[in-house]
Amino acid sequence: MTEQTTPARRTIREAADTVLQRLPAIGKLMIIGKTDAVTHERIGPVESVVRDGDVLVCQGAAHDSRIETAGIASMIVDTSSVMRDQVYPRIDFNDAAGEPIVSVVGFGGLEPFEAALEGLSLETLTQAKEAAARKERPDVAADDPGRVPLEAALAAGVPITIAFRKHGFVQSWQGVVPKISPAMGFINVMDGDFHLHLPGGSVARWETQLSDGRTELVALDADGAPIGLSLLAEDSAAFGPALQTAE
């Protein structure tokens with residue numbers, strides 16, 4: 001199937017379990033968990049997809065996503081994203097309100113993506129997707145609470161876990177923070193198999209907890225509600241002075 005004959009947008013008329021089991025065939029891909037306050041992305045091939053109770057677990061060197069398929073009401077394929085002559089095909093696994101619980105973007109172009117979907121029931125959508133308005137964001141403040149423990153972990157040079165949770169989806173990354181790059185209003189942490197994009201101002205403060213003997217910082221918004229982001233470390237020193245202002 002060529003780029004010229006592939007419809008830009010299609011809906012998949014199959015069970016979500018069936019579609020997610022096809023992910024290993026796509027090759028290198030990005031699994032995206034996103035809210036207005038956090039974007040958490042893991043990048044690499046999915047090696048296997050296994051069931052664990054009510055969830056499907058995407059496993060691999062770069063993946064440990066846990067997806068509750070019962071909440072997936074629709075799956076939309078979009079092949080309209082093209083950068084430098086490369087197609088980045090996408091599947092949004094949406095809830096009943098049409099919002100993505102999780103999204104998957106193929107990094108190998110259209111051919112392996114279409115081959116992975118071969119045999120599934122797909123229906124062309126004639127209505128174009130409404131373009132999201134791009135928000136203008138101010139530069140990230142040097143003392144933005146969201147960057148404080150990340151900067152401390154970068155300075156400490158010790159492994160931490162950056163975890164993300166939303167309804168129906170959990171994903172995490174473990175490693176030494178390689179770099180923090182504030183840009184375009186976001187606090188960005190980017191490694192070869194992981195991207196975190198945290199809008200400036202999303203975190204008002206961090207709440208300190210203990211989780212299985214590890215120190216956990218839970219990000220809270222201005223109303224004191226969790227935004228779905230947490231940082232964990234074996235040693236509380238990994239987050240330095242951040243702990244002193246997290247209570």
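A residue is counted as buried when its relative accessible area is under 20%, and in this predicted model Trp173 meets that condition because its relative accessibility is 2%. The ring of Trp173 is paired with that of Phe194, a residue that is likewise counted as buried because its relative accessibility is 0%.

Aromatic pairs were examined next, and the count comes to 3. In one of them, the rings of Phe164 and Phe169 have their centres 6.2 Å apart and their planes at 55°, so this pair is classed as tilted. Phe164 is buried, with a relative accessibility of 1%, and for Phe169 a value of 1% likewise leads to the description buried. In the pair formed by Trp173 and Phe194, the ring centres are separated by 4.7 Å and the planes stand at 10°, an angle under the 30 degrees that serves as the cut-off, so the pair is described as stacked. This pair joins distant parts of the chain, since Trp173 belongs to strand 14 whereas Phe194 belongs to strand 17, which covers residues 194-199, and the two residues are 21 residues apart.

The second largest pocket has a volume of about 300 Å³, and its lining is made up of 17 residues, among which Ala163, Arg165, Glu216, Ser230 and Leu232 lie nearest the centre. Two or more lining residues are supplied by each of strand 13 (160-166), strand 14, strand 19 (214-220) and strand 20 (226-233), and the greatest contribution, 5 residues, is made by strand 20. When the lining is divided by residue character, 7 residues are nonpolar, 6 are polar and 4 are charged.

Two further residues were considered individually. His63 is located in strand 6, which spans residues 63-68, and is buried at a relative accessibility of 4%. A polar atom of the His63 side chain lies 2.7 Å from the backbone oxygen of Gly44. Apart from neighbours within four places in sequence, His63 is in contact with Leu29, Ile31, Arg42, Ile43, Gly44, Pro45, Val46 and Cys58.

Val177, by contrast, is placed in the loop that runs between strand 14 (169-175) and strand 15 (180-183), and with a relative accessible area of 3% this loop residue is buried. When neighbours within four places in sequence are set aside, the contacts of Val177 are with Leu150, Ala153, Leu154, Ile160 and Val189. The C-alpha atom of Val177 is separated by 38 Å from that of Ile12, a residue 165 residues away along the chain.

Key: Residues are numbered from 1 along each chain as its sequence is written. This is a predicted model: local features need pLDDT of at least 70, side-chain atom pairs count only at pLDDT 80 or more; totals for chains, interfaces and linings use all residues. Side-chain values use heavy atoms; hydrogens and water are left out. Helices (H or I, at least four residues) and strands (E, at least two) are DSSP runs, numbered from the N terminus. Buried means under 20% relative accessible area, exposed over 50%, partly exposed in between (1.4 Å probe, protein chains only). A polar contact is a pair of N or O atoms within 3.5 Å; within protein, one must be able to donate a hydrogen and the other to accept it, and residues adjacent in sequence count only if both atoms are side-chain atoms. Contact means heavy atoms within 4.5 Å. On a 1 Å grid over the protein atoms alone, a cavity is a set of points where a 1.4 Å probe fits but cannot get out, and a pocket is an open set with protein on both sides within 12 Å along at least five of seven lines; lining residues have an atom within 4 Å of a point. Grid points are joined across faces, edges and corners, and a volume is the space filled by probe spheres set on the points. Ala, Val, Leu, Ile, Met, Phe, Trp, Tyr, Cys and Pro count as nonpolar, Asp, Glu, Lys and Arg as charged, and the others, Gly among them, as polar. Rings of Phe, Tyr and Trp (its six-membered ring) pair if their centres lie within 6.5 Å; planes under 30 degrees apart count as stacked, over 60 as edge-to-face and the rest as tilted.
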